[in-house]
Amino acid sequence: MTIRIINQSRHELPRYQSEQAAGMDLRCNLDAPVTLHPLERKLFPTGLFIELPAGYEAQIRPRSGLALKKGITVLNTPGTIDADYRGEIGVILINLSAEDVTIDDGERICQMVIARHEQPLLVEVETLSDTERGAGGFGHSGLK
C-alpha cells in the first residue's frame, strides 16, 4: 500500500522507528516553542496532509515515552483520521503532569497507525444471543 502525503512542515516525513513498529512518529510543526500548563490542552499542527485509501483510517496515539517522562498524552486517543479527510493533521495534546511542559518545534508528539476498518450494516433486533459473560462489564471478572 502507498499513501499520498503532502509535507508542508520543515521536518522529514514520518517514519517507523524500528523494523516491526506499528506506528510512525509525527512531529509538531511550530513557529516557536509552546508551553502547556498542568491540565491545559492545545492543538498542535504537523504540516502533514494525507490521502488514505478507502477502507483505512489513521489512528493518532500517544507516545509512551512522552507520557511517562513528561505527562503529555493525546487527549482524544486514539484520534481518527478518516479516508475522506484532506485537511492538515492536528494533534490535541494535554499536560497531565503537575508542571509546565514545553513542546519544541520538530518534537515527536504522537504515533500514527494506519489500520483497515469496516462499515457494517446495522440490523435492529429485539434480543441478542446469550453468552456466558452476558451483560457483565466494567470489572465483572474481579480484581485478581
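At 30% relative accessibility, Lys-42 counts as partly exposed, and its side chain takes part in a salt bridge with Glu-40, in which the closest N and O atoms are 3.8 Å apart. The structure is a predicted model, and a search across the whole of it finds seven salt bridges. Its strands include an open sheet of five strands and an open sheet of three strands, while the largest nonpolar core has 27 residues. The points below take up the sheets, the core, the salt bridges and a surface patch in turn.

**The five-strand sheet**

- The strands of this open sheet follow the order S2-S3-S12-S7-S9, and the pairing is antiparallel.
- Strand S2 (15-16) and strand S9 (79-81) each have a single partner strand and stand at the edges, so one side of each is left without a neighbour in the sheet.
- S2 and S3 are paired in the antiparallel sense over two bridges, and within this part of the sheet Tyr-16 stands opposite Met-24 in S3.
- Strand S3 (residues 24-27) pairs in turn with S12, again in the antiparallel sense, over four bridges.
- Three residue pairs can be followed along the S3 and S12 pairing: Met-24 stands opposite Met-112, Leu-26 has Cys-110 as its bridge partner, and Arg-27 has Arg-108.
- S7 and S12 run antiparallel and are joined by six bridges, with Met-112 in S12 as the bridge partner of Ile-60.
- Met-112 is thus a point to follow across the sheet, since it stands opposite Met-24 and is also the bridge partner of Ile-60.

**The three-strand sheet**

- This second open sheet has the strand order S5-S10-S8, also with antiparallel pairing.
- Strand S5 (41-45) and strand S8 (72-74) are the edge strands, each of them pairing on one side only, and the twist from one strand to the next averages 35°.
- S8 and strand S10 (residues 90-95) run antiparallel and are joined by three bridges, and the bridge partner of Thr-73 in S10 is Ile-94.

**The nonpolar core**

- Within the largest nonpolar core, which has 27 residues, those with the most contacts inside it are Phe-44, Ile-60, Ile-89 and Met-112.
- The elements that give two or more residues to this core are S3, strand S4 (34-36), strand S6 (48-51), strand S7 (56-61), S8, S10, strand S11 (101-103) and S12.
- S12 gives the most to the core, with four residues.
- Ile-60 and Met-112, both listed among the residues with the most contacts in the core, are also bridge partners in the pairing of S7 with S12.

**Salt bridges**

- Glu-12 and Arg-15 meet through their side chains in a salt bridge, with 2.8 Å from N to O; Glu-12 is partly exposed at 44% relative accessibility, and Arg-15 is likewise partly exposed at 42%.
- In the pair that opened this briefing, Glu-40, the partner of Lys-42, counts as partly exposed at 23% relative accessibility.
- Glu-107 forms a salt bridge with Lys-70, the closest N and O atoms being 3.2 Å apart.
- That pair links distant parts of the chain, 37 residues apart, with Glu-107 in the loop between S11 and S12 and Lys-70 in helix H1 (residues 64-70).
- Glu-107 is buried, with a relative accessible area of 15%, whereas Lys-70 is partly exposed, with a relative accessible area of 33%.
- Asp-25, Arg-63 and Arg-108 are joined into one network by salt bridges that share partners, and Arg-108 of this network is also the bridge partner of Arg-27 in the sheet.

**A nonpolar surface patch**

- Leu-121, Val-123, Val-125 and Leu-128 form a nonpolar patch on the surface, and together they have about 490 Å² of accessible area.
- One member of the patch, Val-123, is found in the segment after strand S12 (108-116).
- Val-123 has a relative accessible area of 63% and is therefore classed as exposed, the cut-off for that class being over 50%.

Notes:
Residues numbered from 1 in each chain as written. Predicted model: local features only at pLDDT ≥ 70, side-chain atom pairs only at ≥ 80, totals over all residues. Heavy atoms only, no water. Patch = residues over 30% accessible without salt bridge, like charges linked within 9 Å, V, L, I, M, F, W, Y side chains within 5 Å. Areas by Shrake-Rupley, 256 points an atom, 1.4 Å probe, with all protein chains shown as cover. Salt bridge = Lys/Arg side-chain N within 4 Å of Asp/Glu carboxyl O. Buried < 20%, exposed > 50% of the residue type's maximum accessible area, 1.4 Å probe, protein only. Pairing = 2+ DSSP bridges. Axes fitted to C-alpha atoms, helices over the stretch in contact; angles between N-to-C directions. Core = buried A, V, L, I, M, F, W, Y, C linked by side-chain atoms within 4.5 Å.
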